[in-house]
Amino acid sequence: MNPHKETVMAALVTAGVAVMATGLIRRLLFYDETESRPLTHIPASKFGRELLRAEFIHRPNYANCNCGSFGHVPQRIIHAQNEFVKERELDPDTWYRFPEGEKSKYFRAVGRLSEFLGADKNNLVMVENASTGVTTVLRSIKFAAGDKILINSHTYTAVEYSVKHLVKNTPGIEMVSFDLQLPIDTQVDLIDQFKRAIEGNPGIRVVVLDHITSSSAILTPVKPIIDWCHERDILVVLDGAHAAGQLPINLEEIGADYYVGNLHKWLFAPRGCAFIYVQPKHHDWTYPLVVSHNHFEDTLADRFLPSATRDNTPYLVVPECIDFHNSLGGLSVIYERNRALVTAAQEMLAVAWGTEVYPVAADCRAPFMGLVRIPKILEDNFPVDSHSAKLLMKALCDKGAFVAFTPSNGRMWARIAAHVWNSMEDYQMVRDLVLEMTQEVAAIKKINLSVEH
C-alpha cells in the first residue's frame, strides 16, 4: 500500500478509536443526552448508593455528606436543562421576545413551584439564590429614622452583611444582633429568646428569621414568632434557604411578610435557582435589585421576569425537579428516611469521636442536617474560626469525603447532611477519615488555601 495511504488509514483508525472511547467515557460518566429515560417510581429501598449510581454524576469512592451547601443535581435534570439551552440557541429571538419562548416556560415553573410550596402564584417570583432574595427584600422595605433590624448570632453571614450594608447606607436605621443561647431545651425556650430580644430593643421594624439556621441546623418554630411580631406591627423576613425539599411548607399559612428560599439544596435544582414569596400588601414596593426593562411593570410577577442575558434555565427545570422529588415518594417518604439516617449518623459519630451532638431539643433540629462536635485532639489544635474550618474541610475532602466544619457556641462542629443518595457507609467513611486526621495535625496545619490572582 502507498505509504501516504497507510498514514491516512492509521490516522483514521486512531481517530475512530478516540471517538469511540470518548463516547464510552461520556456514557459511563454522564447522562446520555440523546435519550431521556422515563421517570418511574423509585422505592426507598433503592435510596443510597444504588440511587447515586443510577441518577447522579458522582466522584468515585467519595462520601458527599454536605448536600446543605450546594446540593446535587440528578442527571435527568441536567439533561432537561440542556434541552432548554439547545432550544434557546436554536432561535434566540423567539426564545427571548415572544410568549412561546422563555416567558411561558418561566411561568409554568412558577406555577408548579407555587403548588409545591402552598403559595398563590402571583405572590412568588424567582431569583438566583437566597442571599440575592434577602437583599432584594431589604432594599425594597421603606425604613424611617429610628427603625431597627433584628438578626442573631446564627444568622447566615451573607444575610448579616446585607443588613450591615443597608444600615451603612441608610441614615438613622440600626442593626441589632442578639446572642442565641445554647442549650435549647424546648421550642418555647427558642421562641422566648426572640421575644426577649425584641422587647429589650424598642424600635424593631424588621426581624430576619431563619427557618433552619445554616451553620447550626436549628429548626425554628417560625409561626408563633411571626404571629407575635405581627401583633406588634413588626415585619418578618424569613430566610428559608434550607427549607424547600426538607420541610413541609405552606407559605400562605406561615404568613411571613417575605419568605426567601433556595431550590438547589434539597429540591435537586441546578444552582442559581431560588424564590421570593411576597405578601400581597407588599407587592407595590418590592422591586428587583437590577433595574432593567421590566422594572416598572404593574405586577410583581412581571417586574421579576428574568433578564434576557443571564442563563435562566435553572428556573425552567423546576417542574422536572418536583417530578423527580415526587418519584421518590414525595416529602413524607424522603423526610422519614433522611431524618432517621442523619439521627443515627450523628449518634454514631459522637460515640466514635468521644464527643457530643449539638445541644438543641429534638424538635428544634433540622430533619436532614445535624452537628457533631469534632474530636478533642482536633479541637485542641485548631482555633474555633473559619480558617480552621476550611483547613479541616480541605483535609477531609482530599481523603475522600466532605462535611461542613462550622464554628458555633465556642466549639468546632462537623455539620453532616443526609439526602436520598447517602447511606450509613458514607458517615462511617467520615468517622474513620476524621479519626485519621487526628494523627495528622501538623500536616493539616501546613495546607495552603491561598489562591493566586
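Start by selecting Lys86 and Glu83: in this predicted model, their side chains meet in a salt bridge, with N and O 3.2 Å apart. Now show the cartoon around them. Both residues sit in helix α4 (residues 75-90), and because they are three residues apart there, about one helical turn separates them. Turn on the surface, too: Lys86 is partly exposed, with a relative accessible area of 43%, and Glu83 is also partly exposed, at 32%.

Next, stay with helix α4 and pick Glu87, then add Lys105. These two side chains form a salt bridge as well, again 3.2 Å from N to O. This pair links distant parts of the chain: Glu87 belongs to helix α4, Lys105 to helix α6 (residues 102-117), and their positions lie 18 residues apart in the count. Is Lys105 buried or exposed? Lys105 is buried, because its relative accessible area of 13% falls under the 20% cut-off. Its partner Glu87 is partly exposed, at 36%.

Now move along helix α6 to Arg112 and select Asp323 with it. The closest N and O atoms of this salt bridge are 3.0 Å apart. Asp323 lies in helix α14 (residues 318-327) and Arg112 in helix α6, so the bridge ties together parts that are 211 residues apart in sequence. Arg112 is partly exposed at 25% relative accessibility, and Asp323 is partly exposed at 30%.

For the last stop, select four residues together: Glu356, Arg373, Glu379 and Arg411. Here salt bridges link them in a network. If you would like to keep exploring, the count for the model comes to 22 salt bridges.

Technical notes. Residues numbered from 1 in each chain as written. Predicted model: local features only at pLDDT ≥ 70, side-chain atom pairs only at ≥ 80, totals over all residues. Heavy atoms only, no water. Helix = DSSP H or I, 4+ residues; strand = E, 2+ residues; numbered from the N terminus. Buried < 20%, exposed > 50% of the residue type's maximum accessible area, 1.4 Å probe, protein only.
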